[in-house]
Amino acid sequence: MPPLSRLRKPTVAASTANLLARRRPKEAQSLVQLGEALRTAQRTLDAEQLRKLSHDQHVVIGRLARTARALAIETGQPVSEPVLHEVQQILHAVLADADTAARWEAGRLVKAPDAPMGFTGLEPAPGAVPPRRAARPAAPAKGQVRPPASDAEERAAQARGERAEAAQAEAAEARAEAERLEAAQAADQELADRAGADVAAAEDDVRAAGERLETARAASAGATTRLEEAGRAAVTARARAETAARKAEKLAAAEG
């Protein structure tokens, strides 16, 4: 095993892709299984299955790349658009190559593999029947020359188709995200309404308690006033009693 100082540090894109594999193992396994299905369809020359799975891969890779970016941002690692493109390149390589898929699923990629050019190295299985091709157009009339389509034109057409599929997948994901946000907003509104009702009830309780406090204060003030009046009346009565007692003593002394 090489010393730690000689181990290559993963690039930002590889680190972001590895983070996705570690944090979302079920989704990583689903991508690996999609790659296996694509390679199987390539071997068996199953055109219908290849078309379906090719559409699925654009949807899945777009979603997983955005998930990887979000996970990286959560850890404090910003992900630029070029890095996000490298992450998508890694995920495409995972679909095309089993060894890359194994290293990625284990979280051991150190850089983005070379951009995969289809599923190279996969020979059709014995007995596989190539998909039926569309009939060739009729040969041009004598004296007419039909320019053959160049490889560049074919690649451009394929790229346009892939971009269209990616745009459709992104639109579908955007609609799903909008629906999720609307549902979250409705839930937040419900919580806000309940909290508002609780505040209103608490305010009612505060007002009622204030009213009870004012009533108690008034009763306390009245009781204090009555207590003071009773005290003064008691002093007066005590004085009269003492005066009457002195008079009675004087009268008794005079009679004696």
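Contact here means heavy atoms within 4.5 Å. Keep that cut-off in your viewer as you go, and bear in mind that this is a predicted model.

**Stop 1: the whole chain.** Start with the cartoon view. You'll find six helices and zero strands, so to speak an α-α-α-α-α-α pattern when read along the sequence. Of the 256 residues, 20% count as buried. Switch on a surface and the chain exposes about 18500 Å², with carbon and sulfur atoms supplying 56% of that. As for contacts between residues at least 6 apart in sequence, 72% join residues at least 24 apart.

**Stop 2: the core.** Now select L31, I90, L91 and W104. These are the residues with the most contacts inside the largest nonpolar core, which has 33 residues. Colour by helix and you'll see that α1 (12-23), α2 (25-44), α3, α4 (81-96) and α5 (98-105) each supply at least two residues of this core. Which helix gives the most to it? That's α3, with nine residues. In soluble globular proteins, nonpolar side chains tend to be buried together.

Zoom in on I90. Setting aside neighbours within four places in sequence, I90 touches A13, A14, A17, W104, L109, A112 and P113.

**Stop 3: helix α5.** Pick T100, A101 and W104, the buried residues of α5. Look down the helix axis: the buried residues fall within an arc of 100°, so they line one face of the helix. Their cover includes α1, α2 and α4.

Stay on T100 for a moment. Is T100 buried or exposed? Its relative accessibility is 5%, and buried means under 20%, so T100 counts as buried. Beyond its neighbours within four places in sequence, T100 is in contact with A93, V94, L109 and P113. Two of those names may ring a bell: L109 and P113 are also among the contacts of I90.

Next, check both ends of this helix. At the start of α5, show the side chain of D97: one of its oxygens reaches to within 3.3 Å of the backbone nitrogen of D99. Just after α5, select G107, which takes a positive phi of about 70°.

**Stop 4: Q57.** Last, jump to helix α3 (residues 47-74), where Q57 sits. With a relative accessibility of 11%, Q57 counts as buried. What does Q57 contact, leaving aside its neighbours within four places in sequence? Select L34, L38, H92 and L95 to see its partners.

Key: Residues numbered from 1 in each chain as written. Predicted model: local features only at pLDDT ≥ 70, side-chain atom pairs only at ≥ 80, totals over all residues. Heavy atoms only, no water. Helix = DSSP H or I, 4+ residues; strand = E, 2+ residues; numbered from the N terminus. Buried < 20%, exposed > 50% of the residue type's maximum accessible area, 1.4 Å probe, protein only. Core = buried A, V, L, I, M, F, W, Y, C linked by side-chain atoms within 4.5 Å. Arc of directions from axis to C-beta. Polar contact = N/O pair within 3.5 Å; in protein donor to acceptor, adjacent residues only side chain to side chain. Areas by Shrake-Rupley, 256 points an atom, 1.4 Å probe, with all protein chains shown as cover.
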